[in-house]
Amino acid sequence: MCVEPFWSEQCSRYLASANSQFSIVRNTWNPAGNPAVRPRTNQTGILIGLYSSYAGVITGNQFAKLTLGIGLQSTSQFVNFQSNSYTNNTTNVTNSGMNNTVEGGSQ
């Protein structure tokens with residue numbers, strides 16, 4: 001479940017940037033279902049920024065018709081993402097961070 005201040009329907013984005021553990025599980029990002037966010041220009045599902053010493057998990061989510069499904073920025077680390085579903089995204093995943101774990105997933 002995504003809650004303020006991290007969730008914004010206008011940009012269809014979950015932003016994480018803190019010093020605590022997190023898990024993002026069983027969500028659906030599909031802006032085509034919301035007329036307020038069409039077309040998919042600059043639409044991101046999950047964007048992970050600065051993480052210093054805590055782990056995070058992203059699993060079991062669905063990403064459809066986005067510019068970017070999951071973005072792990074260069075300051076991200078210790079994020080494990082696996083078993084997510086991607087459909088018709090421009091880019092499914094970018095991983096610019098260090099110590100992130102990319103495991104099996106569905107297409």
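Two strands are taken to pair if DSSP finds at least two bridges between them. The exercises below apply this criterion to a predicted model.

**Exercise 1.** Determine which residue of β10 is the bridge partner of Phe 63, and place the two strands in their sheet.

*Solution.* Step 1: strand β7 covers residues 62-64 and is joined to β10 by three bridges, with the two strands running parallel. Step 2: within β10, Tyr 86 is the bridge partner of Phe 63. Step 3: the sheet is open and consists of three strands with parallel pairing, in the order β4-β7-β10. Step 4: β4 (28-29) and β10 (85-87) are its edge strands, each pairing on one side only.

**Exercise 2.** State the strand order of the four-stranded open sheet and explain why β3 and β12 each have one side without a neighbour in the sheet.

*Solution.* Step 1: the order is β3-β6-β9-β12, and the pairing is parallel. Step 2: β3 (22-25) and β12 (101-102) occupy the edges; each has a single partner strand, so one side of each lacks a neighbour in the sheet. Step 3: β6 (residues 56-59) pairs with β9 (residues 79-82) in the parallel sense, over four bridges. Step 4: Val 79 of β9 is the bridge partner of Gly 56.

**Exercise 3.** Locate Ser 76 and decide whether this residue is buried or exposed.

*Solution.* Step 1: Ser 76 belongs to the loop that lies between β8 (68-72) and β9. Step 2: the relative accessible area of Ser 76 is 2%, and the cut-off for a buried residue is under 20%. Step 3: Ser 76 is therefore buried. Step 4: a polar atom of the Ser 76 side chain lies 2.7 Å from the backbone oxygen of Gln 73.

Key. Residues are numbered from 1 along each chain as its sequence is written. This is a predicted model: local features need pLDDT of at least 70, side-chain atom pairs count only at pLDDT 80 or more; totals for chains, interfaces and linings use all residues. Side-chain values use heavy atoms; hydrogens and water are left out. Buried means under 20% relative accessible area, exposed over 50%, partly exposed in between (1.4 Å probe, protein chains only). A polar contact is a pair of N or O atoms within 3.5 Å; within protein, one must be able to donate a hydrogen and the other to accept it, and residues adjacent in sequence count only if both atoms are side-chain atoms.
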